[in-house]
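Biologist: Before we start, I would like each term tied to its cut-off. Please take me through the model on that basis.

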Amino acid sequence: MKRPYLVVEWNDTETEAKGWLVIHNLVSGYAGGGIRMHPSVTREEVERLAKAMAYKYTAGESSTTGGCKGGISYNYKAADAFDVLRRFLIAMMPYIDAGVSLGSDLGTRYDDVLKVLNEFGVGIPLTKSMKKNPKVLKGIQEFDRLLGTQIDDFFLNDAVTGYGCAFAADEAWKFKSGRHGATVVIQGFGCVGASCAFKMHQMGYKIVGISDANLLVTCEDGLDIAKLIAHKNGHGEMNPAFFESSYTMRPNTDWLDVDCNILIPAALEDVINGTNAHKVRAELVVEAANIPISTEGDDILKQRGIDIVNDFVANLGAIRFYDAVIFGLIEPTPQAVIDDIEKLCRKNTYNLLDHARKQNRYQRETGFEMFAPTVSDLLEV
Ligand SMILES: NC(=O)c1ccc[n+]([C@@H]2O[C@H](COP(=O)([O-])OP(=O)(O)OC[C@H]3O[C@@H](n4cnc5c(N)ncnc54)[C@H](O)[C@@H]3O)[C@@H](O)[C@H]2O)c1
C-alpha cells in the first residue's frame with residue numbers, strides 16, 4: 001500500500017484556495033483523518049499525512065478504520081476561512097456520506113467541521129452498514145456527549161492527543177533511564193502543544209521553551225504553563241503581555257537553539273529537515289505533529305543517534321478516542337478515555353523502543369514495520 005487509494009482535487013469557486021482529499025486505505029469502507037488548513041499545504045503533503053493516518057489507525061489497534069486526510073491551501077486566519085472550509089466539505093460530501101470521516105487538524109476546528117456536517121444532516125460520517133448498527137449509533141451519542149466534557153479545563157477532544165504525546169514522551173524518557181525533571185522544548189501551542197505541555201509539566205518535566213506562529217519564549221527555570229494556557233488565543237498563540245520578566249522572547253525560528261533533553265514538534269510538517277537537523281540538541285524527539293521530520297532530517301538524526309518516537313505512535317489520542325468510544329471498546333467516561341490512551345501510547349512506545357534497541361535499528365524504520373496497515377477495501381456504496 002505505497003500509493004494512496006484515492007486523491008480528489010478541489011478548486012474553490014470564490015477564492016484562490018485549493019484542496020485535496022486523500023484516502024490512503026479503507027477498512028470495511030471506512031477511513032478517518034482531519035482537515036488541515038494552511039497556506040503551505042500541497043497535494044504531496046496531504047498524501048503523506050493520509051499515509052501517516054493509516055499507520056496511526058494500525059498503531060491505535062483499530063479494526064474498523066483506514067487512513068485519509070483533507071488539506072486546504074489557504075490562510076487559516078483569514079476572515080472567510082470557515083466559508084472556505086464549508087465549501088471544501090460540500091465538495092467532499094459524497095465521499096463523507098459514504099464513510100470518509102473527516103475531522104479537524106492544524107488550522108481547523110472540530111466544532112466547525114461538525115457544524116457543516118450537521119447542516120447537511122450527515123453528523124459524524126458513517127458507512128451504510130454502520131448507520132444501521134445500533135451499537136455504533138449508541139457510540140456516536142456517547143462520543144457527542146463526551147465532546148462537551150472537560151478534563152483539567154481542556155475540552156476532552158483538545159486534551160487527548162497532547163496527553164498521549166506526553167505519555168509517550170515520558171515512557172520514552174524512562175526507557176532511556178533519563179533523570180527526573182528533564183527539560184523540554186515544544187514547537188506549537190495549539191490543541192496538541194498546549195495540552196502536551198500541561199501534562200508534561202504535571203509529570204514533573206521542566207518546559208524551558210515554547211514557540212508559536214509568532215515567537216519563541218524561553219526560561220531556564222521553566223515556563224508557567226497554566227498561565228500561558230490561560231492567556232493563549234484560539235489560534236494557539238501566546239500573549240506576551242502575560243509573560244514573566246524572567247522570560248526571553250526570540251524569533252520562533254530559534255526553537256532549535258534552546259538547550260533541552262526532549263524536543264516535541266507539535267505544529268507543522270518537515271520542520272526538522274536537511275538544513276537544521278544538525279542543530280537539534282535534544283537526546284529524544286517525540287513527534288507530536290504529523291510528519292514533522294523530513295526524509296533528509298531523519299537521515300541526520302539517525303546518524304547522530306538521536307532517539308525518536310514516530311508520529312503515529314505518539315499522537316494517536318484523537319483517533320483512538322473516536323474509535324474506542326464509537327465502536328464501544330471502553331467505558332464512555334473522560335477518565336476512561338485518557339486511561340485507555342495512556343495505556344496504548346505507553347505500550348506502543350515501549351515496544352517501539354525495545355524492538356529498535358534489540359535490533360540495533362533506528363526507531364522510524366522499526367515503527368514503519370511494526371505498524372504497517374494491512375487492509376485495503378473499497379468504498380461501501
Ligand atoms: N488536533 C489533534 O487532535 C491532532 C491529532 C494528531 C496530530 N495532530 C497534529 O499536531 C499538529 C498540531 O495540530 P493542532 O491541532 O495542535 O493545531 P492548532 O491549529 O491547534 O495549533 C497549531 C499551533 O502551531 C503554531 N504554529 C504555526 N506555525 C508555526 C511556526 N512556524 N512555528 C511555531 N509554531 C507554529 C500555531 O501558532 C499553533 O500554536 C499538526 O501537525 C497536526 O496534524 C493534531
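Biologist: Which residues of H11 are buried?

Modeller: This is a predicted model, in which local features need pLDDT of at least 70, side-chain atom pairs count only at pLDDT 80 or more, and totals for chains, interfaces and linings use all residues. Residues are numbered from 1 along each chain as its sequence is written. The buried residues of H11 are Gly317, Ala318, Ile319, Arg320, Phe321, Tyr322, Asp323, Ala324, Val325 and Ile326. A residue is buried if 20 or more other C-beta atoms lie within 10 Å of its own, exposed if 12 or fewer, and partly exposed in between, with C-beta atoms placed from the backbone.

Biologist: What makes H11 a helix that is mostly covered?

Modeller: Helices (H or I, at least four residues) and strands (E, at least two) are DSSP runs, numbered from the N terminus. H11 spans residues 317-326, and 10 of its 10 residues are buried. The cover includes strand E3 (31-37), helix H1 (43-59), helix H5 (134-147), H6 and helix H12 (334-359). Just after H11, glycine 328 has a positive phi of about 65 degrees.

Biologist: Why is glutamate 45 called buried?

Modeller: Glutamate 45 has 22 other C-beta atoms within 10 Å, so it counts as buried. This residue lies in helix H1. Not counting residues up to four places away in sequence, glutamate 45 touches Gly71 and Glu269; two residues are in contact if their C-beta atoms, placed from the backbone, lie within 7 Å. Glutamate 45 and aspartate 270 are 225 residues apart in sequence, yet 9.7 Å apart in space, C-alpha to C-alpha.

Biologist: How is the chain divided into domains?

Modeller: Domain 1 is 6-131 and domain 2 is 155-319 + 350-370, with bounds that come from an automatic or database domain assignment. Their C-alpha centres lie 25 Å apart. Domain 1 gives 12 residues to the contact and domain 2 gives 10 residues. On the side of domain 1 that touches domain 2, H1 supplies the largest share, eight residues.

Biologist: Why is the largest nonpolar core said to lie between the domains?

Modeller: A nonpolar core is a set of buried Ala, Val, Leu, Ile, Met, Phe, Trp, Tyr and Cys residues joined through C-beta atoms within 7 Å. The largest has 119 residues, of which Val184, Ile262, Ile264 and Val286 touch the most other members. Helix H6 (residues 156-175) gives the largest share of this core, 11 residues. Domain 1 and domain 2 both give residues to this core, so it lies between them. Leaving aside neighbours within four places in sequence, the contacts of valine 184 include Met200, Tyr205, Ile262 and Ile264.

Biologist: Which residues come nearest to the ligand?

Modeller: Gly190, Ala213, Gly236, Ala267 and Ala289 do, out of the 26 residues around the ligand. A residue is near a molecule if its C-beta atom, placed from the backbone, lies within 6 Å of it. Helix H7 (residues 191-202) gives the most to this shell, with three residues. Domain 1 and domain 2 each supply at least three residues.

Biologist: How do you know that the chain agrees with a compact globule?

Modeller: The radius of gyration is taken over C-alpha atoms, and the globule rule is 2.2 Å times the number of residues to the power 0.38. With 381 residues, a compact globule would be near 21 Å; the chain has 20 Å, so the value agrees. Buried residues make up 51% of the 381 residues.
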